Amino acid sequence: MCGRYVSTRSPQDLAGLFQVAGWNPEQLVEPSWNVAPTDDVWAVLERADRESGVLERQLRALRWGLVPFWAKSLDTGAKMINARVETVHEKPAYRRAFAKRRCLLPADGFYEWQTVPATGTAKARKQPYFISPADGEVMAMAGLYEFWRDPAVADDEDPAAWWTTCAVITTEATDTAGRIHPRMPLAISPADYEAWLDPAHQDPDELRALLNAPAHGDLDVRAVTTAVNSVRNNGPQLLDDAPAPDIEA
């Protein structure tokens, strides 16, 4: 799974990297070294302009944790941060979004945890690892987004009536990342951004063929401080190196 990640690039940088024409300056997502479920995150997506109807690439702040349109509560999203690639095209919660509402979720890298067994002198613990592209480039995690109407708000035109939420698509982990955790996020290569984001592209087999291992599996994995275990902690110090226990192959 992908339960925490790092996203520190500015909207200006992201707009350049993903060829976004512009974004709403009133939307603000602070750099985060500990992105957690229900946080606002930057997403790249394509929507038709309300006035012209022309498809445009946008940078938007979305809430991490997809809330299906039929959900009764926004709280549903806290448990729907990941969509499994094996079933994303057929699960009721995700299939409509997979067909028409796909996005890119920019990340510097993501965290996974490995259980360190207890010893005679220490209790069992969870050791975090930061997994990122070895070349330091941005990782465009494959995502889905959905609109949810809050029934507690009467006016459809009230911005508070609508929430836009998202999820990360995951697969079985391989190579170094697979030695830490059995699941990992999928990514989209720059050459495939246009095909992935195009809402008119709806063939499930062709879409699934666009999904890749982040950085094509060329990933750097290193143990980091356990301070990241708490969602209350944030800052670049969370990426400080920590002594790594032996990892079973």
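A salt bridge is a side-chain nitrogen of Lys or Arg within 4 Å of a carboxyl oxygen of Asp or Glu. The legends below describe close-up views of a predicted model.

**View 1. A network of salt bridges links Arg84, Glu86 and Arg183.** Three residues take part here: two arginines, Arg84 and Arg183, and one glutamate, Glu86. Side chains of opposite charge can pair when their charged atoms come close. How many salt bridges does the structure hold? The count is 8. Further pairs appear in the next three views.

**View 2. Arginine 9 meets aspartate 108 in a salt bridge.** From N to O, the distance between these side chains is 2.6 Å. Which parts of the chain does the pair tie together? Arginine 9 sits in the loop between S1 and H1. Aspartate 108 sits in the loop between strand S7 (102-107) and strand S8 (109-116). The two are 99 residues apart in sequence, so the salt bridge ties together parts separated along the chain. Is aspartate 108 buried or exposed? Its relative accessibility is 16%, so aspartate 108 counts as buried, the cut-off for buried being under 20%. Arginine 9 has a relative accessible area of 23% and is partly exposed.

**View 3. Arginine 149 forms a salt bridge with aspartate 156.** The closest N and O atoms of the pair are 2.6 Å apart. Both partners are partly exposed. Aspartate 156 has a relative accessible area of 45%. For arginine 149 the value is 23%.

**View 4. Arginine 222 and aspartate 241 join in a salt bridge.** Their side chains meet at 2.5 Å, N to O. Where do the partners lie? Arginine 222 is in strand S15 (residues 219-223). Aspartate 241 is in the segment after S15. The pair links distant parts of the chain, 19 residues apart. Arginine 222 is partly exposed, at 24% relative accessible area. Aspartate 241, at 59% relative accessibility, counts as exposed.

**View 5. Tyrosine 111 and tryptophan 113 make a tilted aromatic pair.** A pair of aromatic rings is described by the distance of the centres and the angle of the planes. Here the centres are 6.1 Å apart. The planes stand at 45 degrees. Tyrosine 111 is buried, with a relative accessible area of 0%. Which residues do ring pairs link into a cluster? They are Tyr111, Trp113 and Phe130. A search of the whole structure finds 6 aromatic pairs.

**View 6. Tyrosine 145 and phenylalanine 147 form an edge-to-face pair.** The ring centres lie 5.8 Å apart. Why is the pair called edge-to-face? The planes are at 90 degrees, and the label applies to angles over 60. Tyrosine 145 counts as buried, at 1% relative accessibility. Phenylalanine 147 is partly exposed, at 22%.

**View 7. The largest nonpolar core holds 33 residues.** Which of them touch the most other members? They are Phe18, Tyr94, Leu104, Leu144, Ile169, Ile188 and Trp196. Several helices and strands each supply at least two residues of this core. Among them are helix H1 (11-17), helix H2 (95-100) and helix H4 (193-197). Strand S5 (55-64), strand S10 (139-149) and strand S11 (162-172) are also included. A second, separate core has 23 residues, including Ala43, Trp64, Ala107 and Leu219.

**View 8. The largest cavity contains about 80 Å³ of space.** Its lining has 13 residues. Which are the closest to its centre? They are Ser7, Val29, Glu30, Val41 and Trp42. Strand S1 (5-7), strand S3 (32-35) and strand S4 (40-48) each give two or more residues to the lining. S4 gives the largest share, 3 residues. By class, the lining divides into 7 nonpolar, 3 polar and 3 charged residues.

**View 9. The second largest cavity contains about 30 Å³ of space.** Pro68, Phe69, Trp70, Pro92, Ala93, Tyr94, Arg96 and Glu146 line this cavity. Of these lining residues, 6 are nonpolar and 2 are charged. No polar residue takes part. How many cavities of 30 Å³ or more does the structure hold? It holds 2.

Terms used. Residues are numbered from 1 along each chain as its sequence is written. This is a predicted model: local features need pLDDT of at least 70, side-chain atom pairs count only at pLDDT 80 or more; totals for chains, interfaces and linings use all residues. Side-chain values use heavy atoms; hydrogens and water are left out. On a 1 Å grid over the protein atoms alone, a cavity is a set of points where a 1.4 Å probe fits but cannot get out, and a pocket is an open set with protein on both sides within 12 Å along at least five of seven lines; lining residues have an atom within 4 Å of a point. Grid points are joined across faces, edges and corners, and a volume is the space filled by probe spheres set on the points. Helices (H or I, at least four residues) and strands (E, at least two) are DSSP runs, numbered from the N terminus. Ala, Val, Leu, Ile, Met, Phe, Trp, Tyr, Cys and Pro count as nonpolar, Asp, Glu, Lys and Arg as charged, and the others, Gly among them, as polar. A nonpolar core is a set of buried Ala, Val, Leu, Ile, Met, Phe, Trp, Tyr and Cys residues joined through side-chain atoms within 4.5 Å. Buried means under 20% relative accessible area, exposed over 50%, partly exposed in between (1.4 Å probe, protein chains only). Rings of Phe, Tyr and Trp (its six-membered ring) pair if their centres lie within 6.5 Å; planes under 30 degrees apart count as stacked, over 60 as edge-to-face and the rest as tilted.
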